[in-house]
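User: Hello! I am new to reading structures, and I would like a close look at one helix and then at what surrounds it. Could you walk me through that part and build up the wider picture from there?

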Amino acid sequence: MISSTLNRKSGVSGLYSGTKILEICVYEGSNHVARWAGPAILFLSNVRLSLTLPLLSGRGSTIIKHVIPALSVSSFPDFLGGAAVNTLQLADLRPGTSAIVTAICGASRIASRLMEMGFVPGAVVEVLRRAPFGGPVQYRVHGVSISMRAAEASCVSVEAAAAHNEVRTRASERLQLAAH
Amino acid sequence: MIGNPNTGKSTLFNALSGMRVRTGNYPGVTVEQRVGRVQWGGHEIELSDLPGTYSLSPKSPDEMVAVQVLTGCSNEPRPDLIICICNAAALERNLYLATQVLEVGLPVILCLNMWDAAQSSGVTIDVASLSKELGVAVIPTSASRREGLTELKQAIVEELTSRGGPVTFHSDSFGTTILSDPVRLEVKRLGKLLAETGLPLEQRSGFLVSRSLLDPGGSVELMLIKAAGARYAEALQESRRALAAQQLEIPAAEARQRYHYIGELLSRVQVRVPNSQARLTDRIDSVLTHRFFGFLICLAVLMLVFSTIYWFSAPLSDGVEGFLSWLSALISDSMDPGPLRSLLTEGVISGVGSVLVFLPQICLLFLFIGLLEDCGYMARAAFMMDRLMGLLGLSGRSFLPLMSSFACAVPGIMATRVIDDRRDRFVTILIAPLMSCSARLPVYVLMIGTFIPETLYLGGWLSLQAIVLFAMSTLGLFIAIPVAMILRRTLFRGEPSPFLLELPDYRMPSIRVILGRVWESGKSFVARAGTLIFATSVLVWASGSFPGDQKERYELAGKIESLEAADLESHEAEIEELSARLNIVNAELLRGSVLGQVGRTVEPVFSPLGWDWRIGVGVIASFPAREVIIATLGTIYSLGGEVDEADEGLRGTLKAAVWPNGKKVFSIPVALSIMVFFALCAQCVSTLMVIRRETNSWRWPVFSFVYMTVLAWVGAFLTYQIGIRM
């Protein structure tokens, strides 16, 4: 099982205890690239893994038994959105709270889809409610209501926001209302 | 016309193009295409409604089509004008697509739809400033109230007529872009590289180059690499690395820049005043999607929908049946008994008719699906049911299509269009026919009513018959779970696609649009019924009538009719005698016909199920529609074809039917095996035709038919073999 501190660090990229590792290859010297059943590609450096057999069996299902943490912030390349260590994830938030998005990590597909829907760094996300049976959670961002499962929500790093007030812009004084 | 989903695009499209809409599929894909022709200001204009998309970096076949049409890569001619439709109440998100559309380089008109809803939720927008900033015409509209349409039409005509000629593309500048300079620089550089490869200008426009840069692994990138070679791939990597070094990681940078720009723009032209109206959707949601009650409410809504359908469709179906009998009588009166008359009444009318009788039910189901989807509740249902659907390996979007299939698989399968993940959609389509549709009910009622004893439990509250009926109805659902799991692991492997479902604000559904859709769907269903089902019915009729000497049959029928016409009491006994003889003749003809011979030849296939050849014939004959088996059984057992499942005569005959050696054919295990077979089989041409249409190939209907028939056989086999040993 991955230790909880590592969980925090690597959870940002979607690597959890019990995650299926699909393949591991050596890349550029000491860096290892591991691809797992989740959406992300993670570059780990200076990590020693001891794994259960079989290691690579085509469909390769192995579980990380023990990871000796030697991860540092710099080992996360920029394309992961500059994921900060020890940040909160959207999946951790309770209904009725809000937060500000700090980064999106994960593979291109989910990340760009999330970003298109409005989950960009700096956006305010409100957590509305959870579906029955522990299903997806409903969020509101940029005025639009979007639901997603925990798997997608764990790709979004957030930081807790102070209660944000409705913004009244200076333009409201200068604005000329349209005829409609 | 392009825009996010849930912006009222379809309503606007219908309002603009009226009834002259042509629907079809885009070539090669299962994405629906809607094109309308209109005449405004003396010009003939073709309006094309593109599938809703969140951005021009395509993630699904729908979005792919939109991008291809806009960039002229598809077989369709490049459009002359793009109308970008936004939800005025949610511009913060909707403008994302708009900023991308502006980069295409084609003329654009921005349409702020749902203006009325925006106003009442406290949003005010300075249209003039917005128009000036973006450099395009901005028209507020409210399609459901038909406001702003004239202005929109005027603007469209103006834009189209003021352009000199076709738009030219430059590879180094593209439309109006809000991307920052470093990105523009890279696009320029890549564009120069492409210019050296000699690609025509349209295929390497600035927009396409930028898309290939900003969508790693996207289809535009692949297309350009294919055209320009590995050198371009390297150049792309270089550009991305260069941008990453400047803190502009692809693809995050694009989203950040766009939203930043939109935020700034809106802070200048939009004012949002929160009021109670804005939260109406939230208040409704807190009840309808409540953690505990939301689920119950959803079930209640479903029950309501189904009961309404049954209540209303019964008289309508009777009406259709009545019309068909009238038509049949008309033909019978005007012709003498003969092969042609038999073809028309027993082949064509009864075959096609047994499908048309379902038309009211199908239309009502389309109506309810349309209502639920338009008002926004369907997204909530998908949201709440997602976890349950996850058990099948599917997502919440499959919930409504599967539930609809409990009434009839035809609208259910057509409703799978909302499922954007291709694999999920196919699996849903393949298991939808397993849901116990209403055509199976007559078979259950017949078998249960005849063979299941009327034992009561719990002091009369629970009857064995009801339990068996319930079990049969839910059998398909239970089998669907492992089937879905197997399909997901074998034919449709892959990671589950991300579940990102937008829950639009609740709004009053537009009846006009929904009725229009019901009309379209009903029309296409009837058209299919008119062709292939017609062919199948005729085939089944022919194989059931020939070869065989039909003379005696027509003589008898003629005699009976003339006696009935004379209408004298003294003839009644004779009429009865002749009718009985006619029934026997019919049964013999069936026995000797192709269908009968086939039935007897394949009897060994059905005997492990405990069936005799007559049941086998009934099953084969019910290929056009499941409930045909009842009429076929009636014919085979010499009762004439006009029996239904409540007919005492048929029930009595079934109970009495014996094998050649005297043993009774029907027993409880046999009845159960027949019901299990029908629960799992695919004897419905309409369903197979819809599968063909939705999957755009013949492979899947054939596959469905084969796998379901095998499943049905195995199920019936097990039921019978276990049943006789108990």
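**A helix and its surroundings**

Analyst: Let's start with helix α6 of chain B, which covers residues 149-162, so to speak our anchor for this tour. This helix has 14 residues and reaches 20 Å from its first C-alpha to its last, close to the 20 Å expected at 1.5 Å a residue. Please keep in mind from the start that this is a predicted model.

Which residues of α6(B) are buried? They are Leu152(B), Ala155(B) and Ile156(B). These three cover an arc of only 100° around the axis, and therefore they sit on the same side of α6(B). Turn to the face pointing away from that buried side, and you will find the exposed residues Thr150(B), Thr161(B) and Ser162(B).

What covers the buried residues of α6(B)? The cover includes two strands of chain B, β6 (108-113) and β8 (137-140). Both of these strands also belong to an open sheet of four strands in chain B, with the order β1-β5-β6-β8 and parallel pairing. At the edges stand β1 (2-3) and β8 of chain B, each with a single partner strand, so one side of each is left without a neighbour in the sheet. You can follow the pairing at one end of this sheet: β1(B) and strand β5 (residues 82-87) of chain B pair in the parallel sense over two bridges. There, Gly3(B) stands opposite Ile85(B) in β5(B).

Now for a second sheet, with strands from both chains. This open sheet has seven strands in the order β6(A)-β11(A)-β7(A)-β8(A)-β9(A)-β10(A)-β12(B), and its pairing is antiparallel. Its edge strands are β6 (88-89) of chain A and β12 of chain B, each pairing on one side only.

Let's walk in from the chain A edge. β6(A) and strand β11 (residues 156-160) of chain A pair in the antiparallel sense over two bridges, and Leu88(A) stands opposite Val158(A) in β11(A). Strand β7 (residues 98-104) of chain A also pairs with β11(A), in the antiparallel sense over five bridges. Here Ile104(A) has Val156(A) of β11(A) as its bridge partner.

At the other edge, the sheet passes from one chain to the other. β10(A) and strand β12 (residues 500-502) of chain B pair in the antiparallel sense over three bridges. One pair of bridge partners to look for is Ser147(A) with Leu501(B) in β12(B).

This brings us to the contact between the chains: 45 residues of chain A are in contact with 44 residues of chain B. On the chain A side, the elements that give two or more residues are α2 (108-117), β8 (124-130), β10 (144-148) and α4 (171-174). Of these, α2(A) gives the most, with nine residues. The residues on that side of chain A divide into 21 nonpolar, 15 polar and nine charged.

Finally, a word on confidence. Chain A averages a pLDDT of 58, and 39% of the residues score at least 70. Over residues 25-86 of chain A, pLDDT stays under 50, and the model has 108 contacts beyond four places in sequence for them. Residues 163-180 of chain A also stay under 50, with 19 such contacts in the model. Where pLDDT is low, the predicted coordinates should not be read in detail.

Note on methods:
Residues are numbered from 1 along each chain as its sequence is written. Chains are lettered from A and ligands numbered from 1 in the order in which they are written. This is a predicted model: local features need pLDDT of at least 70, side-chain atom pairs count only at pLDDT 80 or more; totals for chains, interfaces and linings use all residues. Two residues are in contact if their C-beta atoms, placed from the backbone, lie within 7 Å. Ala, Val, Leu, Ile, Met, Phe, Trp, Tyr, Cys and Pro count as nonpolar, Asp, Glu, Lys and Arg as charged, and the others, Gly among them, as polar. Two strands pair if DSSP finds at least two bridges between them. pLDDT is the predictor's confidence in each residue, from 0 to 100. The expected span of a helix is 1.5 Å times one less than its number of residues. A residue is buried if 20 or more other C-beta atoms lie within 10 Å of its own, exposed if 12 or fewer, and partly exposed in between; C-beta atoms are placed from the backbone. The arc is that of the directions from the helix axis to the C-beta atoms.
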